[in-house]
Every structure is written in structure tokens, then in C-alpha cells.
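Subject: Structure handover

Hello,

Here is the structure I promised to pass on. Please open it first, then read my notes below.

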Amino acid sequence: MSLKNLPLEDKELQDLIKDVPTPFYLYDEKAILNNAQNFIDLFKWAPSFINYFAVKACPNPSIMKRLFDLGFGADCSSLPELELSHKCGLPGAKMMMTSNDTPDEEFVRAYELGAIINLDDITHIEAMENALGCVPDTICFRYNPGPDRTGNVIIGNPVEAKYGVTKDQIIDCYRIMKEKGVKHFGLQTMVASNELDGDFIIETAHMLFSLTNKIYQETGVKLEFVDFGGGVGIPYQPEQNEMDVEYVSEQIKELYDNLIVRNHLDPIQISFELGRYILGPYGYLISKVRHVTHKYKDYVGLDSCMADLMRPALYGSYHHISVLGKKNDPKNKMYDVTGSLCENNDKFAIDRMLPEVERGDILVLHDAGAHGHAMGFNYNAKLRPAEYLLTKDGTLNIIRRAQTMDDYFETLRFDGAEVEV
Ligand SMILES: *Cc1c(COP(=O)(O)O)cnc(C)c1O
């Protein structure tokens, strides 16, 4: 069971947001920081443990900086994500550049910033070397175990996945890089997404620590860091349970002792690239009911749409919905909760039992803190919503203003002339 609480009592929240134009995102600072700190505390036993926050989950400096202050790094996969982390004051050494299909300028900027370059393919060795005119002192490879592991729904089967270096290539990768004079080595993988079963993560640790041994035996390369990627899930549905991360940490420690310490390969820095687990449950999309309509089914039409939160339409994901002020009303009405796009997939929920909903009610979509606003888009010329932070002292800070029509028109011209580039 996961409790779908709101950061404040309904009445307090209603008062706090009464003048804020909907739709908007709300993040709960206190809950985010507690959760982030608890996670790193669980891995105190691990040498220089770090979580590289997956910037794509929530690329907002006001949130990123707060995580960096706790010691987090950043996991970046594009040039703007690198720049965003840099502008937040994060040193390059705490940036992991896990790219795929990487452009030359990204290798160059990552190198300039001193970010760790995590290569996605054996051919990227040459591409990177050509782009940089040298090899960096530190290199990491993303491993794809292929048929040795099963994947999960979002990330797919490793054999079908476009990511990473194969089992047959991985040893050569380290051998080649050692010959080229690289001094520090790491290994990364990501075989799960939104996974709630802790044993899956433990199995990944086992796989990576075993590979660490093999790389040492076959090439003499002693890895200095091993990165488990992102993918720890959150219970989107109230019936689901959180992953037992304490158990995961204990089991990984046991594996570390048996496979790394015992074989004299320690210390190895352990890291994750979690985004969803850190923020997901502590962000909300807040939206107002525009119309309640009765056709062949009953519809609640919101003033937001899948351009603001794409997960339900993209993956059929469940997002819990609260109706403010109706917490204690019986959930005896069944609705499809829709947005306003000209696209029938634009539904936040299908056949959802809710209390009776009226025009003007405020609906809160839960678990939207990660891969929520960030995945938004402009289809139907829908403008991107604002983001607010509910601070530790209970005030509401706007941390991203809503997009305006002028923002949206900025890349266009209306006089028939070419746009300036
Ligand atoms: C998306 C992604 C993450 C973060 O995934 P979460 O589900 O948010 O934990 C981490 N690393 C890489 C390489 C990713 O692509």
C-alpha cells in the first residue's frame, strides 16, 4: 500500500493556491529533500556514494540546485542538460554524460567541463577521439547484457534495446582504452525502468560486480566506479508497494564485500542515476475542471492536457487523482478524465471512480514530480504550464513561469520573411 497524501490538508492547499492560474505543477521541497537525504544515508557504507540526478526527470535549476547541495551529481544526456547543470554551479567531475547517438559537440563540451563521458558504443571510442583530438583521463562504458538479462516494460528487452556495449565488445572496450592511455575507468548499465522489485537491482549489482572481476582478469583494468543507472520505481497505484531500498542497500553491500573487497578490487565508488525515485511522488499536476459532460460515457474535462503530463497517454500509466475538498466523499462516480487536445488519447484516466465532480473543482494528479513537466510538448499550440515549489517554510515560490504566446511565437515570423537564425 502506498498512501496518496497531499503535501497539505485540502483546505490549506485550496487557500494557498486560490490565486494561482491552473494548470501548474507543484513540488514539495520538504518531502523531496527528506527522501533524497534518506536515500544517500542508506548507502553510507559505500565508498564516495553518489546519485547522479537524471536531469531529464525534472530539468529545473531550483530543484537541481537543492539536490546538488545535498551532494548529488547530475546525469546528463544532451548539451543543454550539461549546460543546465553547469549553470547550477555543479563541477564537471560530478556530471555523468550518459548519451546515446552522441553528437561531436557533446563530447567536446563534456570534455571541456570535465564531465565523465559514458560511451554507449564501441564505435564511439573513435568518434570521441576524433571529436576531442585526444582521449580523456577518465572513461566509462554503458553495458548491455543482452540475452543474459530480461528487461521490463518501459525499458524493453536488452536484446532489443538500442543502448550500450554488448557482452562480446565490453572487454575490448577497456583493453583499447587502456592502450590509449586512459587512467580511470568506470562501468555503467541501466536495465530497468520504474522497477519496484528490489531483487532486480540486486541482480544488476551482481552482474556488474562480476563483470568488474572479469575486466580486471582479462585486461588488468581496475574499475574505480560502478554505476547502476536509474530505474528504481515508485508505486503509482495505491495498491503497489515501495521498493524496500534498505534491503537493496544491505544486499548490495554483501555483494560488494564478497565480489569486490574479497577480490582486492576495492574501493570502488558506487552510484545511481535516479530521477523518478527521488522526485516522482513529491510533484503534482494541479488542474481545474472546465466541463463535466455526459455522452456515451461521463467525462471530466480539465484545463490541462496530455501536453502537460504525457505518461498516461504514452504508456497507459496510472496517476492517482484527488479531488480537493472531497476527500471524504464516496467514490461512486465513474469518469474518463480528459484534456483538451484534439486527440482521443488525451485522457489522464479511463473509467476512474471519483467522488461526484463539478465544474470548478480542483483535481490533483499525483506522482508527477519526475518525467512530468519535462516530457511536455506544444501540440495543438498548447502552452507549457508553470512550476511552483512549496518551500519548507510553507510558502509558494514560482520556479518556472508558464510559457506565453510570445514565447511560442518567438521562433516564427508572420511577414513571410525567413526567420533569423
Ligand atoms: C532516464 C534515465 C535515468 C533516470 O531514470 P529514472 O527512471 O528517472 O530513475 C537514468 N539514467 C539514464 C541513462 C536514463 O536514460
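Let's start with one helix. Helix H2 covers residues 29-42, which makes 14 residues. At 1.5 Å a residue it should span 20 Å, and its end C-alpha atoms are 20 Å apart, so the two agree. Bear in mind that this is a predicted model.

Which residues of H2 are buried? They are Glu29, Ala31, Ile32, Leu33, Asn35, Ala36, Phe39 and Ile40. Keep a general rule in mind when you look at that list. An α-helix has 3.6 residues a turn, so residues three or four places apart point the same way.

**The two domains**

The domain assignment splits the protein into domain 1 (29-279) and domain 2 (280-409). Their C-alpha centres lie 32 Å apart. Where they meet, 26 residues of domain 1 are in contact with 22 residues of domain 2.

How much area is buried between domain 1 and domain 2? The value is about 2,000 Å², and carbon and sulfur atoms give 60% of it. On the side of domain 1, the residues that lose the most area to domain 2 are Glu29, Tyr236 and Leu279. Together these three make up 30% of what that side buries.

Now for the polar side of this interface. Between domain 1 and domain 2 there are zero salt bridges. There are, however, eight residue pairs in polar contact, with both residues at pLDDT 80 or more. Three elements of domain 1 give two or more residues to the side that touches domain 2: H2, helix H3 (61-69) and helix H10 (276-279). H2 gives the most, with six residues.

**Salt bridges**

The total count comes to 20 salt bridges. Here are three to find on your screen.

Take Lys4 and Asp367 to begin with. Their side chains meet in a salt bridge, at 2.7 Å from N to O. Lys4 lies in the segment before helix H1 (10-16), and Asp367 sits in the loop between strand S15 (362-365) and strand S16 (386-390), so the pair ties together parts that are 363 residues apart in sequence. Are these two buried or exposed? Lys4 has 16% relative accessibility, so it counts as buried. Asp367 is buried too, with a relative accessible area of 3%.

Next, look at Lys297 and Asp351. Their side chains form a salt bridge of 2.9 Å, N to O. This pair links distant parts of the chain, 54 residues apart. Lys297 is in the loop between strand S10 (283-294) and strand S11 (298-302), while Asp351 is in strand S14 (residues 347-354). Lys297 counts as partly exposed, at 30% relative accessibility. Asp351 also counts as partly exposed, at 38%. Both residues belong to a network of salt bridges that links Lys297, Asp336, Lys347 and Asp351.

The third pair is Lys326 and Glu358. The closest N and O atoms of this salt bridge are 2.7 Å apart. Again the pair links distant parts of the chain, here 32 residues apart. Lys326 is in the loop between strand S12 (321-323) and strand S13 (333-338), and Glu358 is in the loop between S14 and S15. The two ends have unlike surroundings: Lys326 counts as buried at 10% relative accessibility, whereas Glu358 counts as partly exposed at 46%.

Best wishes

Note on methods: Residues are numbered from 1 along each chain as its sequence is written. This is a predicted model: local features need pLDDT of at least 70, side-chain atom pairs count only at pLDDT 80 or more; totals for chains, interfaces and linings use all residues. Side-chain values use heavy atoms; hydrogens and water are left out. Helices (H or I, at least four residues) and strands (E, at least two) are DSSP runs, numbered from the N terminus. The expected span of a helix is 1.5 Å times one less than its number of residues. Buried means under 20% relative accessible area, exposed over 50%, partly exposed in between (1.4 Å probe, protein chains only). Domain bounds come from an automatic or database domain assignment. Contact means heavy atoms within 4.5 Å. Buried area is the accessible area (1.4 Å probe) that two parts lose on being put together, summed over both. A salt bridge is a side-chain nitrogen of Lys or Arg within 4 Å of a carboxyl oxygen of Asp or Glu. A polar contact is a pair of N or O atoms within 3.5 Å; within protein, one must be able to donate a hydrogen and the other to accept it, and residues adjacent in sequence count only if both atoms are side-chain atoms.
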